[in-house]
Amino acid sequence: MSRFGSPASKQRSARRLACYKALAAFGALYFAALTDVASAQTADTVLFNGKILTVDKDFSTQQALAIAHGQVLASGSTAAMKKLAGDKAKLIDLGGRTVIPGLTDGHIHGIRAALTFGTEVNWIGVPSLKAALEKIRQAGKTQKPGSWIIVAGGWTEEQFAEKRRPTPTEVTAAAPDNPVYVQHLYDWLLLSPKAMEALNIHDDADVTPGGKLERDGDNRPTGVVNGNGNTLGKIFDKVPRPTFDQQVDGSAKFFREMNSLGITGIVDGGGVSMYPANYQAVFKLWHDKKLTVRVAYHLCAPKPGSELADLQNLTQLLPQGFGDEMLHFNGPGEILIWADWTDGDITPDGKAKLAELLRWAASKGYSIQLHWNPDRTVHDLLDIVEDISKDYPVRDLRWTVLHLYNASEDNLKRMKSLGLVWGVQDGLYFGGEKLQSEVGVEPARRLPPIVTALKLGLTVAGGTDAHRVSSYNPFVALQWYLDGTTIGGVKTRGDAEAPSRRQALEMYTRNSAFMANEDDRRGTLEPGKFADLAVLSADYLTAPVNEIGKIRSVLTMVGGKVVYADAPFTNMTAPPAGKSP
Ligand SMILES: [Zn+2]
């Protein structure tokens with residue numbers, strides 16, 4: 001193609017230029033007007049004497065930030081921002097602390113994790129198996145005999161000093177009077193004898209599809225079930241669920257826990273075991289104006305076989321973006337067709353179904369999230385998207401490919417040219433050793449190729465995929481982006497694919513807000529954007545890399561309102577989340 005373009009394209013660019021000029025003139029007027037409004041406005045909150053990382057396009061750092069009506073009014077020097085303060089303004093001395101835009105997890109099963117947060121036993125970040133079993137023992141003491149004790153993932157033996165999983169005997173001994181359910185990622189499950197009995201599990205036929213019972217020397221089931229996401233999801237569905245009140249309470253507590261880690265937004269991927277009924281608790285919090293995290297939620301096909309029809313039906317009342325600034329529908333995903341829930345090759349039938357479904361999503365203008373693991377087969381997806389792009393402007397729809405840790409440069413280039421977003425979670429923080437043993441030390445050094453993708457100009461967004469397969473802690477993820485070192489202390493990724501601190505923070509703020517279709521409203525601390533922010537316990541830019549995972553928020557705001565406060569800001573405490581324990 002000629003570099004200078006055809007006469008027709010020259011005409012088009014001339015027209016475009018005239019358009020831009022008119023727009024620019026209008027823009028100048030408009031911004032002049034805005035500046036007047038801004039200077040006329042007074043701040044109701046001023047954070048000063050700090051290090052404010054605005055994450056604007058120059059990644060500028062400011063001393064102080066002025067907030068009015070839940071939005072950033074301006075940033076600058078302490079003296080200048082204090083001048084904007086109204087008579088009754090809240091003045092917050094940051095004492096030199098670092099402030100970042102509130103973090104957005106670009107792919108998390110947060111609505112699901114929240115439902116059971118008040119009733120499950122959590123092993124996330126527990127340093128030893130001994131301590132983990134102690135949590136089960138404590139639950140056995142406080143819960144009624146016969147009530148379920150559930151550890152639903154988020155841990156791996158690499159985090160334990162003992163470097164091993166619990167045995168059935170240990171788990172049973174810890175809570176002999178309760179059915180106990182301990183899930184490891186999406187591949188292994190331990191059920192105590194009482195749990196096996198309650199679920200009526202005796203042989204492999206009781207753990208379909210894909211499940212296999214481990215047996216001892218006498219051919220008796222040990223309580224361990226080996227399987228996949230589908231197997232474990234089916235078993236989990238049979239475990240009694242918390243009551244609606246417990247779900248609402250758990251959700252409030254989970255979102256507050258997220259706030260304590262600087263999270264102010266999530267892009268929710270639905271997931272296995274998520275049905276329409278499971279959204280009622282988050283809707284209740286939203287309706288009661290008690291949501292403390294901005295939720296952009298996707299909706300999965302609820303069951304195999306009728307994916308397109310089910311999604312068409314469920315979205316009749318859900319146009320793209322439906323909702324408000326606290327909660328909105330962000331399109332179908334991450335499970336669009338159940339055949340793509342696999343590490344293997346997609347079947348021709350699965351591919352045809354996926355193509356039909358994606359074409360429908362494009363025709364409706366939906367954003368989507370779609371998980372895809374092996375690079376070897378992603379051309380199947382890219383071919384489909386390329387084909388649909390001939391008829392619909394897919395590149396404007398922010399379609400996101402999730403996971404794909406071993407993406408090749410060629411496929412990243414294709415993703416870039418199709419306008420796809422790449423969601424990279426910290427799954428390899430937990431599974432790095434396994435991957436290394438599968439692909440080899442040298443090939444693992446480029447996985448995932450974050451720097452390559454950023455160099456190609458792809459929008460790469462951060463997240464965790466919590467809570468079954470990983471922890472929801474964003475600082476653990478940020479640390480792993482930077483050092484490529486697993487929870488077990490093995491550095492699997494080389495420094496050539498280590499993003500800078502700035503790039504990693506952008507992935508977790510403006511890029512994940514882009515995924516949520518809200519980068520024009522949040523993700524940076526620029527005038528006019530929501531005052532969603534976190535004051536940090538340590539300086540993200542200068543803390544030793546291996547200390548970044550320990551950073552917490554000491555003050556979190558969503559829309560200028562305090563949603564979490566810890567020392568030295570406890571006098572600003574937000575109202576309690578959920579019921580007291
Ligand atoms: Zn996921």
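Here are some notes for anyone opening this predicted model afresh.

1. **The zinc site.** A good place to begin is the zinc ion. Its protein donors are His107 (NE2), His109 (NE2), Glu334 (OE) and Asp465 (OD), and they lie 2.0 to 2.2 Å from the metal. Don't look for a neat tetrahedron here: the 4 donor atoms subtend angles of 84 to 168° around the zinc ion, which makes the arrangement irregular.

2. **How the donors are spread along the chain.** Written as a pattern, the spacing of the donor residues is H-x1-H-x224-E-x130-D. His109 sits in the loop between strand E8 (103-108) and helix H3 (110-115), while Glu334 belongs to the loop between strand E16 (327-332) and helix H11 (348-363), so this pair ties together parts that are 225 residues apart in sequence. Are His109 and Glu334 buried or exposed? Both are buried.

3. **The open sheet.** Next, find the open sheet made by 6 strands, which run in the order E3-E2-E7-E21-E22-E23 with mixed pairing. Its edges are strand E3 (61-62) and strand E23 (561-565), each of which pairs on one side only.

4. **Strand E7 and its partners.** The mixed pairing shows up well at E7. Strand E2 (residues 51-53) pairs with E7 in the parallel sense over 2 bridges, and Lys51 has Thr98 of E7 as its bridge partner. With strand E21 (residues 533-536), on the other hand, E7 (residues 98-101) runs antiparallel, joined by 3 bridges. In that pairing, Ile100 stands opposite Ala534 of E21.

5. **Which way E7's side chains point.** In a regular strand the side chains alternate between the two faces of the sheet. E7 can be read with that in mind: Thr98 and Ile100 point one way, Val99 and Pro101 point the other way, and all of them are buried.

6. **Helix H7.** Within H7 (residues 229-238), the buried residues are Gly229, Thr231, Leu232, Gly233, Ile235 and Phe236. What do the buried residues of H7 pack against? The list is strand E9 (149-151), strand E10 (180-184), strand E11 (188-191), helix H6 (193-199) and strand E13 (221-226). Have a look at the start of H7 too, where a side-chain oxygen of Asn228 comes within 3.0 Å of the backbone nitrogen of Asn230.

7. **Helix H13.** In H13 (residues 409-418), Asn411, Leu412, Met415 and Leu418 are buried. These residues cover an arc of only 125° around the axis, which puts them on the same side of H13. As background, an α-helix has 3.6 residues a turn, so residues three or four places apart point the same way. Among the elements covering the buried residues of H13 are helix H12 (378-389), strand E18 (400-403), strand E19 (421-425) and helix H16 (450-455). After H13 comes Gly419, with a positive phi near 75°.

8. **Glu214.** One last residue to click on is Glu214, in strand E12 (residues 212-215). Its relative accessibility is 33%, so Glu214 counts as partly exposed. Beyond its neighbours within four places in sequence, Glu214 is in contact with Arg220, Pro221, Thr222, Val224 and Asn226. With Thr222 there is a polar contact between the two side chains, at 2.8 Å. Leu190 is 24 residues away from Glu214 along the chain, and their C-alpha atoms are separated by 9.8 Å.

Conventions: Residues are numbered from 1 along each chain as its sequence is written. This is a predicted model: local features need pLDDT of at least 70, side-chain atom pairs count only at pLDDT 80 or more; totals for chains, interfaces and linings use all residues. Side-chain values use heavy atoms; hydrogens and water are left out. Two strands pair if DSSP finds at least two bridges between them. Helices (H or I, at least four residues) and strands (E, at least two) are DSSP runs, numbered from the N terminus. Buried means under 20% relative accessible area, exposed over 50%, partly exposed in between (1.4 Å probe, protein chains only). Contact means heavy atoms within 4.5 Å. A polar contact is a pair of N or O atoms within 3.5 Å; within protein, one must be able to donate a hydrogen and the other to accept it, and residues adjacent in sequence count only if both atoms are side-chain atoms. Donors are N, O and S atoms within 2.8 Å of the metal (3.2 Å for Na, K and Ca); water is not among the atoms, so sites may look incomplete. Four donors count as tetrahedral if all angles lie between 85 and 135 degrees; four count as square planar and six as octahedral if opposite donors are over 155 degrees apart and all others between 65 and 115; anything else is irregular. The arc is that of the directions from the helix axis to the C-beta atoms.
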